[in-house]
Amino acid sequence: MIRLEGIGQTFLAADGSQVQALAGIDLAVSEGEFVSLVGPSGCGKTTLVEIIAGLQKPSAGRVTHGHAGQNGAFGWAGYMSQADTLLPWRDVLDNAGIGLEIRGVARAECRRRAAELAARVGLAGFENRYPHELSGGMRKRLGLIRMLAYEPEVLLLDEPFAALDAQTREVLQNDLVDLWRDFRRTVIFVTHDLMEAITLADRVCLLSRRPAAIKREYRVELPRPRTSLEVQFSQKFQALHQAIRRDLMAEVDWQKAHQA
Amino acid sequence: MKPPARAAVILTRLGLVLGFFGLWEAGAALGWLDALFFGRPSAVLADFWGLVISGQVFIHAWVTLEEALAGFLLGAVLGVLMAFALAASPFWEKVLDPIIMLAYSIPRIALAPLFVLWFGLGVASKVVFSFMLVLFLVFFNTFAGLKEVDRRMVDAVRVMGASRRQLLVKVILPAITPWVLAGLKSGVAMSLLGAIVGEYVGGNAGLGWMINSAAGLFQTNRVFAALVALGLMVVGLNQLVGRLERRALKWRPNNNLLS
Ligand SMILES: Nc1ncnc2c1ncn2[C@@H]1O[C@H](COP(=O)(O)OP(=O)(O)O)[C@@H](O)[C@H]1O
Ligand SMILES: [Mg+2]
């Protein structure tokens, strides 16, 4: 269970002006739930994820999660952003096992557990390759298993697949859902892609324009397992997609009108 | 582009080198080149061989190598430490930045006579001089490397629960290794330069001293013989560093952007 209470964040921009990114975010995510966060670009999604991860201190409010090392300590969450943050000098297994290695697990055991996960996401045969020898999709899959290997309670994903082409992204989405089904972790998934948000999540939260607050929430009552192809043609899906899209565009349009 | 054939490359290279020395030898034999000033390849080889037999070349090469290595090690260790210290403290980085730049932009070769004055004609002045040259190189490279470490890469591992020590050992040190190695590579050449110049300015042993004193006596062949020894030493050291680099950076893709 993660609870965000009144999270606010104000930055001091380079020119000395204040930028308020977040204002009063309240959100509770229950154990094992998959929540997608969507919102206009630049509204503060990355800021929010970094605050939950503990990489930024909010200027207001607090994050509580019932996990060891409350407040300030790391290690309870898995985190993956759009950036490629694999360690280029480590091969696939040493990359995937680094979270365990940090916990003092012997290297051979790290590699053994990493190899099991690698096989699960189709990286068998690539165990000893370096990241630069992998395709973009394979690197993302390695990122996913690196995050899961140390079994964090919560997964924080910030547009992890945004840089991929449409087909590869769909494959990765399915990989993620498979892993989530088996591991049953709590997931907070940021995306600007509404289709992706709805296909994956139990609940979609729409953030308003900056300073962002939760504008609306939508339950996604579509049966699982959902294959993106089937689900996206269903009536229910399309109705939900339209509703969220309308609300999102209202925020985007306002932002446009007031920015020039 | 098609890569050039290996045999052709080697043959052409050999031809160029042999042609050069052949012309030199012929010029000296036929009296077109004054052997007093230009020496003669065959005489250089003979003199070099004589130095090998008498063991003199090893004595002097060892002196130079010792000076260079001591300066190199001191400079490398302190250069890396200094870079870490400054990268860890934005305050001191700000304070020291102009001072370091000023110290760096003084042509340090010009300071060689001072070092001899302070540290004497023996090994110490050369070590200090080598050290000064290597220090800046390694410092600047390491510092630049530290500034280039991808914060997002560090954050990704931090979120996993890594301690500061683990971040240092598992992320930061490997990330700056290419930069440090680049500094060390040029540092090897620099440390030899420091030792040689130190010996020119004031010394009583070493290959630099040998070259300088032979030139003063118009023993041109001896100058070249000492240069041969120096060349062999540099090639050997570069091989060593190259091997170290390939081992440490075997994970790196080859980007030959210009080929
Ligand atoms: N360190 C910072 N300093 C100043 N402004 C920032 C900083 N980080 C983010 N911002 C601003 O906060 C807003 C939200 O950024 P971000 O969280 O990256 O948005 P999103 O991920 O939703 O696109 C943007 O206007 C951005 O310019
Ligand atoms: Mg973002």
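Ala, Val, Leu, Ile, Met, Phe, Trp, Tyr, Cys and Pro count here as nonpolar, Asp, Glu, Lys and Arg as charged, and the others, Gly among them, as polar. On that basis, the shell of residues around ligand 1 divides into 3 nonpolar, 5 polar and 2 charged. The model described in this report is a predicted one.

**The surroundings of ligand 1**

The residues around ligand 1 belong to chain A and are F11(A), A21(A), S41(A), G42(A), C43(A), G44(A), K45(A), T46(A), T47(A) and R210(A). Among the elements of secondary structure, helix α1 of chain A, which spans residues 45-53, gives the most to this shell, with 3 residues. Polar side-chain atoms of T46(A), T47(A) and R210(A) are paired with oxygen atoms of ligand 1 at the distances tabulated here.

| Side chain | Partner | Distance |
|---|---|---|
| T46(A) | oxygen atom of ligand 1 | 2.7 Å |
| T47(A) | oxygen atom of ligand 1 | 2.6 Å |
| R210(A) | oxygen atom of ligand 1 | 3.3 Å |

Taken on its own, ligand 1 has 570 Å² of accessible area, and the protein covers 62% of that area.

**A buried aspartate in chain B**

In chain B, D155(B) is found in helix α8, which runs over residues 151-159. Because its relative accessibility is 5%, and buried means under 20%, D155(B) counts as buried. The side chain of D155(B) is joined to the side chain of R151(B) by a polar contact of 2.6 Å, and it also makes a polar contact with the side chain of R158(B), at 3.0 Å.

**Partly exposed positions in chain B**

V17(B) lies in helix α1 of chain B, which comprises residues 6-30. Since the partly exposed class falls between 20% and 50%, the relative accessible area of 41% places V17(B) in that class. Together with L16(B), F20(B) and F21(B), V17(B) forms a nonpolar patch on the surface, and these residues have about 410 Å² of accessible area together.

K185(B) is found in helix α9 of chain B, a helix of residues 164-201. With a relative accessibility of 40%, K185(B) likewise counts as partly exposed. Along the chain, K185(B) and P90(B) are 95 residues apart, and in space their C-alpha atoms are separated by 28 Å.

Key: Residues are numbered from 1 along each chain as its sequence is written. Chains are lettered from A and ligands numbered from 1 in the order in which they are written. This is a predicted model: local features need pLDDT of at least 70, side-chain atom pairs count only at pLDDT 80 or more; totals for chains, interfaces and linings use all residues. Side-chain values use heavy atoms; hydrogens and water are left out. Patches are made of residues with over 30% relative accessible area and no salt bridge: like charges are joined within 9 Å, nonpolar side chains (Val, Leu, Ile, Met, Phe, Trp, Tyr) within 5 Å. Accessible areas come from the Shrake-Rupley method with a 1.4 Å probe; for residues, only the protein chains shown count as cover. A salt bridge is a side-chain nitrogen of Lys or Arg within 4 Å of a carboxyl oxygen of Asp or Glu. Helices (H or I, at least four residues) and strands (E, at least two) are DSSP runs, numbered from the N terminus. Buried means under 20% relative accessible area, exposed over 50%, partly exposed in between (1.4 Å probe, protein chains only). A residue is near a molecule or strand if one of its heavy atoms lies within 4 Å of it. A polar contact is a pair of N or O atoms within 3.5 Å; within protein, one must be able to donate a hydrogen and the other to accept it, and residues adjacent in sequence count only if both atoms are side-chain atoms.
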